[in-house]
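Thanks, everyone. Let me put the structure up, and then we'll walk through its pockets.

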Amino acid sequence: MKEIQQVDQGAYNHLMEIPAKYWSKSRFNYFSRVDTLVNNMCECFNSVIVEAREKLIVSMLEDIRVYLMNRWSDNRQSIVTYAGEILPKINKKIEREFDKGGEWLAIYAGRDKYEVSSSQGNRAKFVVDLNLHECSCRKFQLTGYPCEHAMSCIRKMCLDVKNYVNKCYRKQTYVDCYQHVIYPLNGPNLWSRTENDDVLPPVFRKPIGRPKLRRNKTGDEPRNNGPLSKLARTGQQQKCSYCFALGHNKRTCPRKRKMEAAAKKQNATAQAKKGAKKGAGTTRTPKPNKIPAKTTTQLATRLQPKRKSSTQVGGSQESQTSSKRARCSSSASQPQPSIATVTSPSRRSLRFMAKTPPRAWKALG
């Protein structure tokens, strides 16, 4: 653990939070007869039922039952033709340990106890008890078959290795495990109908997004997403779509920034020249005789004062009529080339003149 702490402090803290019996071989018990802690059996079974898990409950159970029935039948038939007493994979491991046992020297101490030392000259020593099937390296107890230290003792005493192998690795135990038969069943067309109501499936609600096929992994499991897809850009260098150069993108492109700054400067100079031309030109003022009547009427209506009372209106009417008569008499006294008759205004015109202010008369005249 000190070496792990020196290499990676995070890994050390993670392991210290988990009980040592789940990850350290020195804390494993001897019941399972396995020296490794893996879930290969669960992973293999899950990979087989991937398609069945997507079906309904009854269909899923039927697929699993058919798979197990077929597998048990194959295992039952394959072990019949096997001639050995120890299972083939365990037999290969025993032969490997038997070859390694030649590198150790066993010294008999009595009562099936041995002291095993290395023949390579190092100081490694182990104690082996063949009667209890134990070794101080703990591999004999964990695996259930002799380790290389026990093999050196068996070779020294010319004993049979099969007598020191646990019974779980024997052919007879394998046959007893698969002796039970999973019987076949009829289809739903031959099932007997009951008096109870049919069990309806739950309401199917399609979730949002693409359906998920992979299972949810725990925090300590590696998240390997597999090989990169064709559209992935992981590990590739950025390429600008403006100048097609490497090392930057379109947003941080220096060439694009220079072009934008030059365009802004050009627009500013163009606007300045346009404003100077407008200031240098002369503005024409319209002559008073060419002003249209509509504009004068609009100005007169905008400058119209507040409405006066009835007494003020009566006085203004008298003044307006007198001024109008004086204007008409002055115009009649002046010499004119043609004879013109002056008529007195009617009541309607007088009412209109009383309502309109004097300033509007000039515009109307």
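Which element gives the largest share of the lining of the largest pocket? Helix α4 does, with seven residues. Keep in mind that this is a predicted model.

Let me set the scene before going back to that pocket. The protein has 365 residues. It has 13 helices and four strands. Of its residues, 16% count as buried. The exposed area is about 31,300 Å², and carbon and sulfur atoms supply 55% of that. Now contacts. Take those between residues at least 6 apart in sequence: 44% of them join residues at least 24 apart.

Back to the largest pocket. It holds about 1,500 Å³ of space. Its lining has 34 residues. Look at the centre: Met41, Arg71, Leu87, Lys89 and Tyr174 lie nearest to it. Four elements each give two or more residues to this lining: α3, α4, α5 and α8. On the sequence, α3 runs over 40–48 and α4 over 57–80. Then α5 covers 88–100, and α8 covers 171–177. What about chemistry? The lining divides into 21 nonpolar, eight polar and five charged residues.

Stay on α4 for a moment, and find Asn75. Asn75 is found in that helix. Is Asn75 buried or exposed? Its relative accessible area is 13%, under the 20% cut-off, so Asn75 is buried. Which residues does Asn75 touch, leaving aside its neighbours within four places in sequence? Tyr174 and Tyr178. We have met Tyr174 already, among the residues nearest the centre of the largest pocket.

Next, the second largest pocket. How much space lies in it? About 1,000 Å³. It is lined by 26 residues. The closest to its centre are Lys55, Leu56, Ile57, Val58 and Pro201. By class, this lining has 14 nonpolar, four polar and eight charged residues. Put the charged counts side by side: five in the lining of the largest pocket, eight in that of the second largest.

One item from the records. UniProt, in an unreviewed entry, annotates residues 126–158 as "domain: SWIM-type". In the model, that span is 45% helix and 18% strand. Its end C-alpha atoms lie 20 Å apart.

To recap. The largest pocket takes seven lining residues from α4. Asn75, in α4, is in contact with Tyr174 and Tyr178. The second largest pocket has Lys55 and Pro201 among the residues closest to its centre. I'll take questions now.

Technical notes: Residues numbered from 1 in each chain as written. Predicted model: local features only at pLDDT ≥ 70, side-chain atom pairs only at ≥ 80, totals over all residues. Heavy atoms only, no water. 1 Å grid on protein atoms, 1.4 Å probe; cavity = no way out; pocket = protein on both sides within 12 Å on 5 of 7 lines; lining within 4 Å. Points joined across faces, edges and corners; volume = space filled by probe spheres on them. Nonpolar A, V, L, I, M, F, W, Y, C, P; charged D, E, K, R; others polar. Buried < 20%, exposed > 50% of the residue type's maximum accessible area, 1.4 Å probe, protein only. Contact = heavy atoms within 4.5 Å. Areas by Shrake-Rupley, 256 points an atom, 1.4 Å probe, with all protein chains shown as cover. UniProt positions renumbered as here; feature names shortened; annotations may be inferred.
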